[in-house]
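User: Could you take a close look at the core of this protein for me? I would like to know which residues hold the most contacts there, and what surrounds them.

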Amino acid sequence: MTTTTTSQRELIKFLEDRFACAQACTECARECALRASLVDPDGPEAEEKTRRKGIMCAEVCDATCRALSEEANLDEAAIRLQVEWCRTVALECARAFDGSPGAQDGAEACRACARACTDFLATLR
């Protein structure tokens, strides 16, 4: 019988939440980039604002995913800052997508990303 110590369980939870956050960021980035590509850049100002939010969210989520999955040399404070920024941008983007026809999948991906960021941040505390 294998026993798992508290520190091992905490490490496993940390890694699982980090991976889940990176996955959610990837999905959010994909949805935001797709949504931004479907908006006419010469359309009404509200559509252009939604497009810009989508592009920014895709870039922030992509950078967060890279920080979580590739960059082992970042300290906890830097990771926390990146993930908090990602959560904020994803929620802003979800609200922008809420008013855009056909953007429900993008809004939900942004909210899922924000939830995953929140869950991961809880493991850092």
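Analyst: Happy to. The largest nonpolar core has 31 residues, and C57, C110 and C113 are those with the most contacts inside it. A nonpolar core here is a set of buried Ala, Val, Leu, Ile, Met, Phe, Trp, Tyr and Cys residues joined through side-chain atoms within 4.5 Å. Buried means under 20% relative accessible area, exposed over 50%, and partly exposed in between, with a 1.4 Å probe and protein chains only. Helix 1, helix 2, helix 3 and helix 4 each give two or more residues to this core, and helix 4 brings the largest share, nine residues.

Before going further, a word on the source. This is a predicted model, in which local features need pLDDT of at least 70 and side-chain atom pairs count only at pLDDT 80 or more, while totals for chains, interfaces and linings use all residues. Residues are numbered from 1 along each chain as its sequence is written, and side-chain values use heavy atoms, with hydrogens and water left out.

C110 is a good place to start. Leaving aside residues up to four places away in sequence, C110 touches C28, C32, C57, A90, C93, A94 and F97, where contact means heavy atoms within 4.5 Å. Two of these partners, C28 and C32, are among the buried residues of helix 1, and A90, C93, A94 and F97 are among those of helix 3.

Now the frame around the core. The protein has four helices and zero strands, in the order α-α-α-α along the sequence; helices (H or I, at least four residues) and strands (E, at least two) are DSSP runs, numbered from the N terminus. Helix 1 covers residues 6–38, and its end C-alpha atoms are 48 Å apart, which agrees with the 48 Å that its 33 residues should span at 1.5 Å a residue. That expected span is 1.5 Å times one less than the number of residues. Helix 3 agrees too: 33 Å is expected for its 23 residues, and its end C-alpha atoms are 33 Å apart.

The buried residues of helix 1 include D17, R18 and E31 as well as C21, C25 and C28. Their cover includes helix 2 (45–69), helix 3 (76–98) and helix 4 (104–124). For the buried residues of helix 3, the cover includes helix 1, helix 2 and helix 4.

Two further residues are worth a look. E31, in helix 1, counts as buried because its relative accessibility is 12%. Beyond residues up to four places away in sequence, E31 touches D105, G106 and A109. The C-alpha atoms of E31 and A107 are separated by 8.6 Å, although the two residues are 76 residues apart along the chain. T50, in helix 2, is buried with a relative accessible area of 9%. With the same sequence neighbours left out, T50 touches A96, F97 and S100. F97 therefore appears in the contacts of both T50 and C110.

For the whole protein, buried residues make up 38% of the 125 residues. Of the contacts with a separation of 6 or more, 73% are between residues 24 or more positions apart. The C-alpha trace spans about 60 × 30 × 20 Å along its principal axes.
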